[in-house]
Amino acid sequence: AAHHVVQLTVFAMAIAVVLSLLTSNPENLLFGAGAAGLVIGFAARQTLGSVLAGFVLLFSRPFEVGDWAVVDEREGVVTDITLFNTELRTYDGEHAVIPHDEVANSQVVNRSRSGRLRCSLDVGVDYEADVGRAAETAETAIVGCSVDPLLSEPSPAVVGKQFGDSAVVLECRFWIYDPSAPRM
């Protein structure tokens, strides 16, 4: 953020020096700058709004480069944050460029900030089966999972979720570390 502020300040000062060298009367320069600022402000309202939203995002830091983020309906890994927009690499291999004014007006979910993520998996158990035993078996399977080590705290749990049309639905809840879409 400081880099962008210094860059804009130096640019504005350079323009002011060049314009003062070109005109002999500084009053005309100030009047012209005011009128030009008004015209540019109306013409670039969207862009200026995006720049201001960019400063807000650079200071509030809802996500950083490399984070797994969901912005409105777009989900992916943040690859770049500029003064004007944020770029996400989606899991379809696409690059989504989202203007900061849209980011500021959207719901933002950072799934990788805390370093862990709760995942869940629904399992249907026939109404004729012993649901308690099925829940115990599912919890034992989660705890014994060796594909990708799960976090032991908070401990995995299996809870009843709903009575479906043909089965009792159990929700298997567990936590993973270093969250990413492939790990999930």
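This is a guided tour of a pocket, a set of salt bridges and a buried acidic residue in a predicted model.

**First stop: the largest pocket**

Begin by selecting His4, Gln7, Leu8, Phe11, Ala12, Ile15, Ala44, Thr47, Leu48, Val51, Leu83 and Phe84, which together line the largest pocket. The space inside this pocket comes to about 290 Å³. If you colour the lining by secondary structure, the elements that contribute two or more residues are α1 (2-22) and α3, and the greatest contribution is that of α1, with 6 residues.

**Second stop: the salt bridges**

Next, show the charged side chains, among which a search of the whole structure finds 4 salt bridges. Three of them are visited here, starting with Glu102 and Arg74, whose closest N and O atoms are 3.7 Å apart. Glu102 belongs to helix α4 (residues 100-104) and Arg74 to strand β2 (residues 74-81), so that this pair links distant parts of the chain, 28 residues apart. With the surface switched on, Glu102 proves to be partly exposed, at a relative accessible area of 36%, and Arg74 is likewise partly exposed, at 35%.

Now move along strand β2 to Glu75, which forms a salt bridge with Arg111, the closest N and O atoms lying 2.8 Å apart. Because Glu75 sits in strand β2 whereas Arg111 sits in the loop between β5 (108-110) and β6 (116-126), the pair ties together parts that are 36 residues apart in sequence. Glu75 has a relative accessible area of 28% and is partly exposed, and Arg111, at 27%, also counts as partly exposed.

**Third stop: Glu171 in strand β8**

Select Glu171, which you will find in strand β8 (residues 167-177). Is this residue buried or exposed? Its relative accessibility is 10%, which is under the 20% cut-off, and therefore Glu171 counts as buried. Glu171 nevertheless has a salt-bridge partner in Arg173, with 3.0 Å between the closest N and O atoms, and a polar contact of 3.0 Å joins the two side chains. Arg173, for its part, is partly exposed, with a relative accessible area of 28%. To see what surrounds Glu171, add Arg118, Ser120, Leu121, Asp122, Ala157, Val158, Val159 and Lys161, all of which it touches when residues up to four places away in sequence are set aside.

**Last stop: Asp67**

Finish at Asp67, in the loop between α3 (45-60) and β1 (68-71). Side chains of opposite charge can pair when their charged atoms come close. Why, then, does Asp67 have no salt bridge? Asp67 is buried, and the nearest side chain of opposite charge, that of Arg113, is 5.0 Å away; because a salt bridge requires the side-chain nitrogen and the carboxyl oxygen to be within 4 Å, Asp67 and Arg113 do not qualify as a pair. Draw instead a distance from the side chain of Asp67 to the backbone nitrogen of Glu64, which it reaches at 3.0 Å. Then display Gly76, Val77, Val78, Asn110 and Ser112, the residues that Asp67 touches once those up to four places away in sequence are left out. With both acidic residues in view, you can compare Glu171, which is buried and forms a salt bridge with Arg173, with Asp67, which is buried yet has no salt bridge.

Key: Residues are numbered from 1 along each chain as its sequence is written. This is a predicted model: local features need pLDDT of at least 70, side-chain atom pairs count only at pLDDT 80 or more; totals for chains, interfaces and linings use all residues. Side-chain values use heavy atoms; hydrogens and water are left out. Helices (H or I, at least four residues) and strands (E, at least two) are DSSP runs, numbered from the N terminus. Buried means under 20% relative accessible area, exposed over 50%, partly exposed in between (1.4 Å probe, protein chains only). Lys and Arg count as positive and Asp and Glu as negative; His and the chain ends are not counted. A polar contact is a pair of N or O atoms within 3.5 Å; within protein, one must be able to donate a hydrogen and the other to accept it, and residues adjacent in sequence count only if both atoms are side-chain atoms. Contact means heavy atoms within 4.5 Å. On a 1 Å grid over the protein atoms alone, a cavity is a set of points where a 1.4 Å probe fits but cannot get out, and a pocket is an open set with protein on both sides within 12 Å along at least five of seven lines; lining residues have an atom within 4 Å of a point. Grid points are joined across faces, edges and corners, and a volume is the space filled by probe spheres set on the points.
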